[in-house]
Amino acid sequence: PKIKMRNIHSGARTNLGFVRYVFYAYTLVPIVILLSLLTAVYWWSMQDAAATLRQDTLGNAQLRASQVNSTLSEAVSMTFQNADKTLQTLVDSYLDNSSTSFQKQASILMGRMTDGLIVKISVIGPSGYVAYTSAVTADRTYMGDCENFQFHNTHSANQLFIGKPVLDPLSGQWSIRLSRPIYRHGQLQGVMVLSLSPAYLY
């Protein structure tokens with residue numbers, strides 16, 4: 001009888017272990033798999049949302065950059081147009097008025113432009129020496145080697161020329177020189193130069 005009881009208890013423990021195994025296999029394992037799948041789906045959705053947000057952000061940034069560049073281009077274009085009109089007015093004033101009247105006109109035109117935009121106004125005579133400048137400088141400064149004078153001295157057309165940014169050795173300021181030729185009876189009498197600050201163009 002004792003042996004039979006042991007067999008019964010042993011069989012019961014075996015059956016209980018089997019039940020537990022079945023429970024784990026058919027209940028807990030699917031739950032673990034389901035949780036793993038849900039976690040994977042969650043992370044995938046998060047990454048997809050982040051990628052979408054990144055693309056939208058980049059798209060908006062590119063659109064804003066394009067709009068800013070367009071606005072800046074228009075502003076720079078308008079600045080050059082106004083500067084060219086000022087140059088033409090200065091050329092007419094230089095040809096029609098005395099030196100004193102021209103200086104007054106130049107001062108008035110500089111006051112109409114944005115404060116700090118114009119670095120200086122200069123007139124280069126036909127020999128290449130400065131005939132007038134709004135800046136404080138030494139007498140008889142030679143500018144015959146600057147690209148603005150060289151261009152107008154070799155081109156007969158009455159047109160606007162925009163030079164490369166240069167560092168003024170006297171003022172120590174960078175400037176972009178816009179210029180137009182000064183003609184009287186078909187002869188080159190000099191070059192009108194309007195030096196603009198690059199800080200107001202970029």
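**Helix 3 and the cores of a predicted chain**

At 15% relative accessibility, Phe151 counts as buried, because anything under 20% falls in that class. This residue, in a model that is predicted rather than determined by experiment, is found in helix 3. Setting aside residues up to four places away in sequence, Phe151 touches Gln159 and Phe161. Phe151 can also be placed relative to Val191: the two are 40 residues apart in sequence, and their C-alpha atoms are 9.9 Å apart in space.

Phe151 has company in helix 3. The buried residues of this helix are Asn148, Phe149, Phe151 and His152. Looking down the helix axis, these buried residues fall within an arc of 160 degrees, so they line one face of helix 3. What do they pack against? The buried residues of helix 3 meet strand 1 (118-124), strand 3 (161-162), strand 5 and strand 6 (187-196). Helix 3 (residues 147-154) is also where confidence is highest in the chain, with a mean pLDDT of 95.

On the strand 5 side, Ser179 is a good residue to look at. Ser179 lies in strand 5 (residues 174-184) and is buried, with a relative accessible area of 0%. The side chain of Ser179 is joined to that of Asn148 by a polar contact of 2.9 Å. With residues up to four places away in sequence left out, the residues touched by Ser179 include Asn148 and His152, both of which are among the buried residues of helix 3. The neighbours of Ser179 also include Leu87, Gln159, Leu160 and Phe161, along with Val191, Met192 and Val193.

Now for the nonpolar cores. The largest one holds 20 residues, and the members that touch the most others are Leu90, Ile121, Leu178, Met192, Leu194 and Leu196. Helix 1, helix 2 (99-112), strand 1, strand 5 and strand 6 each supply at least two residues of this core. Helix 1 gives the most, with five residues. There is also a second, separate core of seven residues, with Met143, Cys146, Val191 and Val193 among them. Back in the largest core, Leu194 has plenty of partners: beyond its neighbours within four places in sequence, Leu194 is in contact with Ala83, Thr86, Leu87, Ile118, Lys120, Ile121, Ile176, Arg177 and Leu178.

The loop between strand 5 and strand 6 is the place of His185. Is His185 buried or exposed? At 78% relative accessibility, His185 counts as exposed. Its backbone is worth a look too: His185 has a positive phi of about 55 degrees although it is not a glycine. Most residues other than glycine have a negative phi.

Stepping back, the chain has three helices and six strands. Read along the sequence, they follow the pattern α-α-β-β-α-β-β-β-β. Buried residues make up 27% of the 202 residues. Of the contacts with a separation of 6 or more, 49% are between residues 24 or more positions apart. The accessible surface comes to about 13,900 Å², and 59% of that belongs to carbon and sulfur atoms.

How far can the picture be trusted? The mean pLDDT of the chain is 79, with 73% of the residues reaching 70 or more. Confidence is lowest in helix 1 (residues 2-96), at a mean of 70. Where pLDDT is low, the predicted coordinates should not be read in detail.

Key. Residues are numbered from 1 along each chain as its sequence is written. This is a predicted model: local features need pLDDT of at least 70, side-chain atom pairs count only at pLDDT 80 or more; totals for chains, interfaces and linings use all residues. Side-chain values use heavy atoms; hydrogens and water are left out. pLDDT is the predictor's confidence in each residue, from 0 to 100. Helices (H or I, at least four residues) and strands (E, at least two) are DSSP runs, numbered from the N terminus. Buried means under 20% relative accessible area, exposed over 50%, partly exposed in between (1.4 Å probe, protein chains only). A polar contact is a pair of N or O atoms within 3.5 Å; within protein, one must be able to donate a hydrogen and the other to accept it, and residues adjacent in sequence count only if both atoms are side-chain atoms. Contact means heavy atoms within 4.5 Å. The arc is that of the directions from the helix axis to the C-beta atoms. Accessible areas come from the Shrake-Rupley method with a 1.4 Å probe; for residues, only the protein chains shown count as cover. A nonpolar core is a set of buried Ala, Val, Leu, Ile, Met, Phe, Trp, Tyr and Cys residues joined through side-chain atoms within 4.5 Å.
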